[in-house]
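Work through the exercises below with the structure in view. Try each task before you read its solution.

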Amino acid sequence: MKCYICRREEAVVRIEGKNYCKDCFLKLYEKRVEKVIKKWKLIENGDRVMVALSGGKDSASMLYFLNKYKKAVDFELEAMFIHLWIPEYSDLALEKSKELTKMLGIKLHIVDIKKGTGKTLIEIARSNRRRAICSICGIVKRYYMNKHPRERGFNKIATGHNMDDILEFFIKNFIDRNFEWNDKLKPIVPSTHPKLLTKIRPLYECSNVENYYYAKFNLLPFIESKCPFSKISKWKNIVECFDTNIPGSKRQFTRTIEELNFSVKEPEYKQCKICGELTTSKNGICSFCKLIHEN
Ligand code: AMP
Ligand code: ZN
């Protein structure tokens with residue numbers, strides 16, 4: 001089968017019912033990411049952007065693309081890996097992150113949670129049995145993703161959340177009437193407090209498979225195995241149903257979410273009594289400190 005765009009080369013990927021050769025796919029992917037960056041002003045001259053690198057395909061693709069994007073815009077780019085000490089997973093993910101940043105010549109910050117808290121993720125989970133380990137992991141990651149780059153003068157944190165993640169979060173939150181979270185499901189969440197970094201999601205309109213092929217075709221080192229704690233998500237199947245039935249509907253749905261505005265009031269922030277980071281909790285202790293110090 002020939003490529004849908006150039007009509008010359010053999011097609012190697014099928015996206016939304018159309019077949020593309022490697023070169024046309026790569027160009028299309030980059031054009032798409034660039035469009036999101038420009039439309040939402042994710043990165044501008046003078047920005048200091050920290051990429052949250054997990055070792056997986058999404059953040060690897062993002063870092064590779066942003067490194068290329070530096071030719072067009074003058075900004076600083078570094079990467080951070082949060083070592084959670086997940087057995088047989090974190091070490092491998094760190095290896096891949098080191099390989100990738102070495103290949104691109106980008107500085108890698110390694111944030112070791114054992115140094116910060118004295119505990120591994122599993123140890124934190126053991127003393128917080130009422131919370132699921134994935135929810136604990138989310139709290140720990142969000143904490144360091146905001147604190148570490150901010151303390152080093154960065155103004156933006158970039159994560160590799162993709163279209164499938166966004167759709168899954170959106171549908172789940174929407175059914176739960178959790179409009180507060182959905183209000184923040186945007187390609188950019190601007191800072192509303194000096195202690196909060198601006199969050200950017202350059203891969204907002206790229207799907208799981210697109211990121212996988214982008215990383216593969218560019219020979220990027222990334223970890224292919226899943227975190228041992230990740231469960232099969234039924235929400236993922238629901239999201240997948242959109243494109244299996246109506247090719248292209250996932251992207252259309254994502255673009256609608258981009259434009260939605262739930263007009264939720266910004267919460268009142270306090271500084272955590274223990275660590276000084278921001279919290280909205282009544283007792284003035286942030287969710288990270290609750291996990292680490294209250295058990
Ligand atoms: P997840 O929360 O695992 O779905 O990952 C979402 C995004 O968070 C990834 O694309 C990364 O940008 C970032 N991330 C996840 N795990 C880590 C980690 N261990 N260290 C740094 N960033 C991470
Ligand atoms: Zn705290």
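## Exercise 1: A residue in a loop

Task: Place Leu 219 in the chain, then decide whether it is buried or exposed.

Solution. Step 1: Leu 219 sits in the loop between α9 and α10 (234-245). Helices (H or I, at least four residues) and strands (E, at least two) are DSSP runs, numbered from the N terminus.

Step 2: fix the ground rules. The model is predicted, so local features need pLDDT of at least 70 and side-chain atom pairs count only at pLDDT 80 or more, while totals for chains, interfaces and linings use all residues. Residues are numbered from 1 along each chain as its sequence is written, chains are lettered from A and ligands numbered from 1 in the order in which they are written, and side-chain values use heavy atoms, with hydrogens and water left out.

Step 3: apply the cut-offs. Buried means under 20% relative accessible area, exposed means over 50%, and partly exposed is in between (1.4 Å probe, protein chains only). Leu 219 has 70% relative accessibility, so it counts as exposed.

Step 4: check the backbone. Leu 219 is not a glycine, yet its phi is positive, about 55°.

## Exercise 2: A second positive phi

Task: Find where Trp 85 lies and classify its exposure.

Solution. Step 1: Trp 85 is in the loop between β4 and α3. Step 2: its relative accessibility is 29%, so Trp 85 counts as partly exposed. Step 3: the phi of Trp 85 is positive, near 60°, and this residue is not glycine.

## Exercise 3: The ligand shell

Task: Describe what surrounds ligand 1.

Solution. Step 1: count the shell. Ligand 1 has 13 residues around it, and the closest are Ala 52, Leu 53, Ile 82, Lys 141 and Gly 160. A residue is near a molecule or strand if one of its heavy atoms lies within 4 Å of it.

Step 2: list backbone contacts. A polar contact is a pair of N or O atoms within 3.5 Å; within protein, one must be able to donate a hydrogen and the other to accept it, and residues adjacent in sequence count only if both atoms are side-chain atoms. A polar backbone atom of Ala 52 is 2.6 Å from an oxygen atom of ligand 1. For Leu 53, a backbone N or O atom lies 3.3 Å from a nitrogen atom of the ligand. For Ile 82, the distance from a backbone N or O atom to a ligand nitrogen is 2.9 Å.

Step 3: look at the cover. Ligand 1 taken alone exposes 470 Å², and the protein buries 76% of that. These areas come from the Shrake-Rupley method with a 1.4 Å probe; for residues, only the protein chains shown count as cover.

Step 4: trace the shell to its elements. Those giving two or more residues are β4 (76-83) and α6 (133-151). The largest share, three residues, comes from β4.

## Exercise 4: Helix α6

Task: Compare the span of α6 with the expected span, then decide how enclosed the helix is.

Solution. Step 1: the expected span of a helix is 1.5 Å times one less than its number of residues. Step 2: the 19 residues of α6 should span 27 Å, and its end C-alpha atoms are 27 Å apart, which agrees. Step 3: 14 of the 19 residues are buried, so α6 is largely enclosed by the rest of the structure. Step 4: just after α6, Gly 153 has a positive phi of about 85°.

## Exercise 5: Two residues compared

Task: Set out the surroundings of Thr 101 and of His 161.

Solution. Step 1: Thr 101 is in helix α3 (residues 90-104). At 4% relative accessibility, Thr 101 counts as buried. A polar atom of its side chain lies 3.2 Å from the backbone oxygen of Lys 98.

Step 2: contact means heavy atoms within 4.5 Å. Leaving aside neighbours within four places in sequence, Thr 101 is in contact with Leu 53, Leu 63, Ala 79, Ile 106 and Leu 108.

Step 3: His 161 lies in the loop between β6 (156-158) and α7 (163-175). At 26% relative accessibility, His 161 counts as partly exposed. Its side chain makes a polar contact of 2.8 Å with the side chain of Thr 159.

Step 4: leaving aside neighbours within four places in sequence, His 161 is in contact with Ile 166, Phe 169, Arg 201, Leu 203 and Tyr 204.
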